[in-house]
Amino acid sequence: MTTSKIEQRKLLKNGLGFCLVLCTVLFALEFVTSYFVKHSSDAQTGKINLVMQHEIDPEIMMFGSSVAEVGLDANTIEKKTQRATYNMGIDGTKISASEFLIDEFLSYSKNCETVVIGMAFFSFTKSEKLNAPERFLAYKSNPFVKQNIFNIQPALGNKLYYVPFYSFIVANHTYYKNAFYGLKNVMNSKASFTDSLKGFVPHDTEYYDTRKNGKQLDYIGIDSSAVNDYKRIIQKIKAHDIQPILVLMPMHINGQESFSNFATYREQAKKLSQEMEVHLYDFFDHDVTTQDKYYYNNGHLNATGANVFSNVLADSLNSIIKTNKTK
Amino acid sequence: MLFNSLDFAIFLPIVFILYWFVTNRNLTLQNVLIVAASYVFYGWWDWRFLSLIVFSTLVDYSVGLKLKDEANKFKRKVLLWVSIIVNLGFLGVFKYYNFFLDSLYEVAPGLQTVLGFNTLDIILPVGVSFYTFQTLSYTIDVYRKKLEPTKSLIDFAAFVAFFPQLVAGPIERASHLLPQFYAPRQFKFINLQFGFIRILWGLFKKVVIADRLAILVDSVYQSPADFGGIHFIIASVLFAFQIYCDFSGYSDIAIGTARLFGFKLMENFRSPYFSKSLGEFWRRWHISLSTWFRDYVYIPLGGSKVATKRVYLNLMIVFVVSGFWHGAAWTFIIWGALHGSILILEHLFTGRKALFNNAPALLVNTLKVLAVFSVTTFAWIFFRANTTADAFYIVQHLFDFSEPLAQNLRGMTLYLGGPLWKLLASFLLVGLLLLVEYSVTKEKISEQIIIKQKPLIRWSLYTSMVVFILLFGSFEVDQFIYFQF
């Protein structure tokens, strides 16, 4: 046998052996981290875990981005409407990126009567990238999650599902932090995540005007695919005999005035609600929007503002829910 | 194609298998494969860039052959200048044209209407500064009759475009790399092991250290007005390590990748931050470029064999040109001039009676290392700053400690949106790097030592490295700093 052949055999023997060891370690690590992440009760991941593991089934479920997360006080709404309520708002996440959560929730919910979708000014803008995909990485084998990733970012989907161990590239310190919290929960035998605020994340900070020098006006893009995302999701909710309600979350007047076409966004939301025959609450003209004490920045309500606004919203919801009952 | 990309992770094994298992019986075929793979690697950014490299290859190959047969001194010089004009012409158009025009119009705004030239809307081809210098060295060496020109266009094209070192060096000399394309290459498992270790270490430096530090450094340098003295010092110190890990990491991956194919590239870094003088720093930092400037600029200018004043002028010229090579901006020129000036000062004081003659050697050496590190870090401010105005702002406020340290640090980490441990982790990584580098200089760690270990230990080490890179690496930065040059 030639030297070259001997060396090539060495390569095959050692290369295959090492690859086997490496793959085993990486596979085990991938499995273990995702297992523990599923047991985390921390922030967004904790909330996602509750839905993905079918641990909550409120009568009023609220979805949306950070404006919903910090602006909808689930306990206040629950108290006023006398219906179990949960705030499933996930920051930085458009409704299309929460679609897997809605799908999963609809697939098992027996109690839900109403789904509230809290909308922000960017709700109809184009989205080509998933924000913080590590949040649902542990559930990548879930068909809804898979479909959601491929819908929004097919390139990421291809890598995540067809490149071995690509999830290590997507995972970041938040993911591993959650794995650590999950490990702690498992060690402490914490059965499930108890969330007294029911998904609501109050911010107790003072108002800060976040306009860019107040001179240059921004433009809100309206994208037909984003509008279609809403239509699709509304149809799905309706198909489960659940009432969808759109809420234009109150934005500080300074924030509203920092856009050149804010009215277009409101009109588009109105058009959507009429076409889909769903209730729309537009709170942009509400008194709340002119008072600094209710906000921590131009887009987000603070804890006081959330409480005031949730009372207002609960009153509005009550009238609809009562109407439904009459029906 | 980036070394730290999925594309490269797929590309490399394919080329490796084709190279050692399909074309291994035919040297020409192997070299053809290298050329093809290198063009794919380079064209992955933008296929239009390929026309430049192909043109440069054809010009220098032809000039090399003509120089061999040409005895007439004048004609030989003309041929040399053809190569110089073509190669530097590329750099001039793609890299410096807009800078010269902008600078000219800034000094004399009226000239724009008189001349009528406008800046060009062009992008700088990746790695153009590297491969033009590599091909230039070939032609100059052939002109100087230090090197036999190659008759094989394939070998020459492979030398110019060799993908491991094509876009960010090491800038190889034809006399070192070209003969390796002539010689038959035999697969050796030890080369694979060596290459694999170097690639892993390079990746570690890039994605775990450099890209992690980049997050902190970038936030400060993007908006200096939001920060104060302590932030500038921390960010600049971290940048010193970021650029080192980014660039030397690239070189490590390049050297390791070349080794997989049986090639030995020159070392580009030798623990430069352990240098005890600036001169020593430049013998350890970006060695392939420093020696290029030494051989093709400094020595032709007279080097150190001329009057002292002229030596200083030569040094200054070399460093200003080197700064300009790094980028078409005044910040780089100032960076080069700073190094040149300090090196001149160092020459002036060489041989004078040392201040700490009776102090322990360890203390003296440590102080020297710290002094060199401080000087180079200070110069990095100009290298990293987005504009000269930013650089001078940072320098002016470098020692502005109006707020208490703890408050400053908290402010910095809050601004970055992360806790203090992120900053501490950055320093831990730097500490780890220095520990490894120190062990390498003391020959406590080396590829050879690792390779000699039992398979269980080796595999555990490799696996740990891979896991460490995957767990702690930052995969958001999609560029190497030196690509822009």
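1. A salt bridge is here a side-chain nitrogen of Lys or Arg within 4 Å of a carboxyl oxygen of Asp or Glu. With that rule in mind, the reader may turn to chain A, where A:E99, A:D103, A:D229, A:R232 and A:K236 are linked in a network of salt bridges. The model is a predicted one, and every value in this note is to be read as computed from that prediction.

2. Within this network, one pair can be described in detail: the side chains of A:R232 and A:E99 form a salt bridge, with N and O 2.6 Å apart. This pair connects distant parts of the chain, since A:R232 belongs to helix α10 (residues 224-239) of chain A and A:E99 to helix α5 of chain A, 133 residues apart. The two partners differ in their surroundings, for A:E99 is buried, with a relative accessible area of 4%, whereas A:R232 counts as partly exposed at 30% relative accessibility.

3. Another salt bridge of chain A joins A:D91 to A:R135, and the closest N and O atoms of this pair lie 2.7 Å apart. A:D91 sits in the loop between β2 and α5 of chain A, and A:R135 in the loop between β3 (114-119) and α6 (143-152) of chain A, so the bridge ties together parts that are 44 residues apart in sequence. A:R135 counts as buried, at 12% relative accessibility, while A:D91, at 27%, counts as partly exposed.

4. A:K94 deserves separate attention, and it is found in the loop between β2 (85-87) and α5 (99-108) of chain A. Which side chain of opposite charge is nearest to the buried A:K94, and how far away is it? The nearest is A:D223, at 7.3 Å, and A:K94 has no salt bridge although it is buried. A salt bridge requires the nitrogen and the carboxyl oxygen to be within 4 Å, so the 7.3 Å that separates A:K94 from A:D223 does not meet the rule. Leaving aside residues up to four places away in sequence, A:K94 touches A:F122, A:T125, A:K126 and A:S127.

5. In chain B, a salt bridge is formed by the side chains of B:D246 and B:K206, with N and O 2.8 Å apart. This pair, too, links distant parts of its chain, as B:D246 lies in helix α10 (residues 229-260) of chain B and B:K206 in helix α9 (residues 189-222) of chain B, 40 residues apart. Both ends are buried, B:D246 at 2% relative accessibility and B:K206 at 0%. Over all chains, the count comes to 23 salt bridges.

6. B:K442 is placed in the loop between α18 (420-441) and α19 (447-452) of chain B. Is B:K442 buried or partly exposed? B:K442 is partly exposed, with a relative accessible area of 48%. From C-alpha to C-alpha, B:K442 and B:L33 are 39 Å apart in space, and 409 residues separate them in sequence.

7. As to the contact between the chains, 22 residues of chain A and 24 residues of chain B take part. Chain A and chain B bury about 2100 Å² between them, and 78% of this is on carbon and sulfur atoms. In chain A, the residues that lose the most area to chain B are A:Q8, A:L11 and A:F18, which together account for 27% of what that side buries.

8. How many salt bridges are counted between chain A and chain B? The count is zero, and the count of residue pairs in polar contact between chain A and chain B, with both residues at pLDDT 80 or more, is likewise zero. On the side of chain A that touches chain B, the elements that give two or more residues are α1 (3-37), α8 (167-170) and α9 (173-187) of chain A. The largest share of that side, 15 residues, comes from α1(A). By class, the side of chain A that touches chain B has twelve nonpolar, six polar and four charged residues.

9. Finally, the overall form of chain A may be noted: it has 13 helices and five strands, and its C-alpha atoms fill a box of roughly 85 × 50 × 40 Å, taken along the principal axes. Of the 327 residues of chain A, 54% count as buried. Among contacts in chain A between residues at least 6 apart in sequence, 81% join residues at least 24 apart.

Technical notes:
Residues are numbered from 1 along each chain as its sequence is written. Chains are lettered from A and ligands numbered from 1 in the order in which they are written. This is a predicted model: local features need pLDDT of at least 70, side-chain atom pairs count only at pLDDT 80 or more; totals for chains, interfaces and linings use all residues. Side-chain values use heavy atoms; hydrogens and water are left out. Contact means heavy atoms within 4.5 Å. Buried area is the accessible area (1.4 Å probe) that two parts lose on being put together, summed over both. A polar contact is a pair of N or O atoms within 3.5 Å; within protein, one must be able to donate a hydrogen and the other to accept it, and residues adjacent in sequence count only if both atoms are side-chain atoms. Helices (H or I, at least four residues) and strands (E, at least two) are DSSP runs, numbered from the N terminus. Ala, Val, Leu, Ile, Met, Phe, Trp, Tyr, Cys and Pro count as nonpolar, Asp, Glu, Lys and Arg as charged, and the others, Gly among them, as polar. Buried means under 20% relative accessible area, exposed over 50%, partly exposed in between (1.4 Å probe, protein chains only). Lys and Arg count as positive and Asp and Glu as negative; His and the chain ends are not counted.
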